[in-house]
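Visitor: I keep meeting words like "oblique" and "buried", and I would love to see how they are earned. Could you walk me through some examples?

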Amino acid sequence: MNKAILTIEGLRVEAASGAVLVDGVDLELARGEVLGLIGESGAGKSTIGLAALAYARAGCRLSGGTIRLSDTELRGAGGDGRRRMRGARVAYIAQSAAAAFNPAMTLMDQVVEGPVRHGLATPLEARAWAIELFKALDLPDPEHFGDRYPHQASGGQLQRAMAAMAMSCRPDVLVLDEPTTALDVTTQIEVLALLKKLIREHGTAALYITHDLAVVAQVADRIMVLRHGKMVELGDTTTILTNPSTDYARALVAERRAAGSVDPTTSETVRSVPVLELDHVTVRYNTLKAVDDVSFDVCRGETVAVVGESGSGKSTLAYAIVGLLARREGAIRYKGADLPLSYKERRGESRNRIQLIYQLPDVALNPHQPIEEVIGRPMYFTRGLSGTALKRRVAELLDMVGLPQDFAGRKPGQLSGGQKQRVCIARALGVEPDLVICDEVTSALDPLVAEEILKLLRQLQDDLGLSYLFITHDLGTVRRVAHRVVVMLKGRMVAEGPTAEIFDQPEHPYTRRLLSSVPEMRTDWLDEALARNQARA
């Protein structure tokens, strides 16, 4: 192995409460090497990634160990030394791009800021390189994409823009914190290929943080399995995937393999009276048709998944259903009655009985409110709960989503990404909805926790007759929970039908491409997929 570019020894990170978040972790990273960090939510993956920049989240501190970048010990480098290193030599791609971008600056201004401020390029040179990165990341209209503000890009587009920002200084080390979480599977192939190319051509090293073993298999040379802040297993990628030595690693591998099969129980539901009906729905942004003439329905006790690439109109459709986007044509009906365009015009049951769980928990939770208030406020306003009854119901909901009851006093910044998403789910369930729209609800969760959430949602569906509209790019989730699937492409519905039929007998070319783009848990899959795509072209 080449000389290590990054060496971490005895890393210990503590919260202000004294809780140990990372305990005695060692790692070495050579130039051109990718080390995958996997483990459940709260295992310490992102904390270790941030420590590579000699940084700890608010309320946390680096309490022990050494962090060495080449010959520089970062903990002793001082504030100015660390600032010169961050971005220029070690860059970070955050899990939630929407929360990381400045909403008041254009994307171009934010991408070029790093190389210009570090003196690595002139503004013109940085802009030209940014456009090349936009092209490589398959962003729309790359010459002008940077003129957009963050709210004018989809979640997947923002994640790719963040990858461009991280690569703008051509760093020695990349910390990739779930960089493909917000991407559809077809775009994911291109981004993974780009990252592999970048690492190979520039000798860049990378820490790749993920909960998707099939994704990390495509890029990582070695995998470190983490749990409760400690390393439980370390080995080369093939060994971890095919012959893990610990029970926990074996459970992770087994869960990922199970995601490749359709749950036979999803074909057993008999369709009943529709809870939600969409009749020739079109949604516009000025002259752009983000959703174009879409019709389908969701019955009581049924799960309908809406899948498609980033920018296909999935989330726009959800916002139109709940009345957050009023610029639409066609009809949306709840239990047979037309819904007003805007949520402000909706009253009582038509407003409360349809709940939306947002894609990005970081921007869906008020950072200044304790979790008890986040979950409790909707129940206070809609059901009149207060005092002891409200506290008791909040505690029940925390138990329901697998969070300790003492989390009620914490604020969102003290929770991991997966924990925050579970809070969002608890908040939606508090008003006892008939229909829950789940916008990428498991994308921030590790596989084992995600499976528990899916089991919980299925149990609630069985017990309460809930209906779900699952908006996702995770076809493994679709296979396990959806009774029916709607496939969208550029705002239009190109396929609709029972899950097994869509997966086993795809008719539309895009559906076939979507299914063939789902990563498999073997190290040569990406190269084969790229070769397939080139042959089709």
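Guide: Happily! Let us begin with how a helix angle is taken: axes are lines fitted to C-alpha atoms, for helices over the stretch in contact, and angles run from 0 to 180 degrees between N-to-C directions. Please keep in mind that this is a predicted model. Here, helix 11 (residues 247-258) packs against helix 18 (residues 447-464) at about 55°, and their axes are 9 Å apart.

Visitor: What makes helix 11 oblique to helix 18?

Guide: Angles under 35 degrees count as roughly parallel, and 65 to 115 as roughly perpendicular. The angle of about 55° fits neither range, so helix 11 is oblique to helix 18. Their crossing is left-handed.

Visitor: Which residues meet there, in helix 11 and helix 18?

Guide: On helix 11 they are Y248, A251, L252 and E255, and on helix 18 they are P447, L448 and E451.

Visitor: Why is helix 15 called oblique to helix 16?

Guide: Helix 15 (residues 371-383) and helix 16 (residues 387-400) pack at about 120°, with axes 10 Å apart. Roughly perpendicular runs from 65 to 115 degrees, and roughly antiparallel needs over 145, so helix 15 is oblique to helix 16. This crossing is right-handed. Among the residues that meet are I375 and M379 in helix 15, and V394 and L397 in helix 16.

Visitor: Now for rings! How many aromatic pairs does a search of the whole structure find?

Guide: Four. In one of them, the ring centres of Y380 and F381 lie 5.2 Å apart, with the planes at 75°. Centres within 6.5 Å make a pair and planes over 60 degrees apart count as edge-to-face, so Y380 and F381 are an edge-to-face pair.

Visitor: How do you know whether Y380 and F381 are buried or exposed?

Guide: Compare their relative accessible areas with the limits: under 20% is buried, over 50% is exposed, and in between is partly exposed. Y380 has 46%, so Y380 is partly exposed. F381 has 57%, so F381 is exposed.

Visitor: What makes Y468 and F470 an edge-to-face pair?

Guide: Their centres are 6.1 Å apart and their planes are at 80°, which meets both the 6.5 Å limit and the 60 degree limit. Y468 has a relative accessible area of 1% and F470 has 3%; each is under 20%, so Y468 and F470 are buried.

Visitor: Which residue lies over the face of W129?

Guide: That is R170, at 3.9 Å from the ring centre.

How values were computed
Residues are numbered from 1 along each chain as its sequence is written. This is a predicted model: local features need pLDDT of at least 70, side-chain atom pairs count only at pLDDT 80 or more; totals for chains, interfaces and linings use all residues. Side-chain values use heavy atoms; hydrogens and water are left out. Rings of Phe, Tyr and Trp (its six-membered ring) pair if their centres lie within 6.5 Å; planes under 30 degrees apart count as stacked, over 60 as edge-to-face and the rest as tilted. Buried means under 20% relative accessible area, exposed over 50%, partly exposed in between (1.4 Å probe, protein chains only). A charge sits over a ring if NZ of Lys or CZ of Arg is within 6 Å of the ring centre and within 35 degrees of the ring normal. Helices (H or I, at least four residues) and strands (E, at least two) are DSSP runs, numbered from the N terminus. A crossing is left-handed if the near helix is turned anticlockwise from the far one by less than a right angle, and right-handed if clockwise. Contact means heavy atoms within 4.5 Å.
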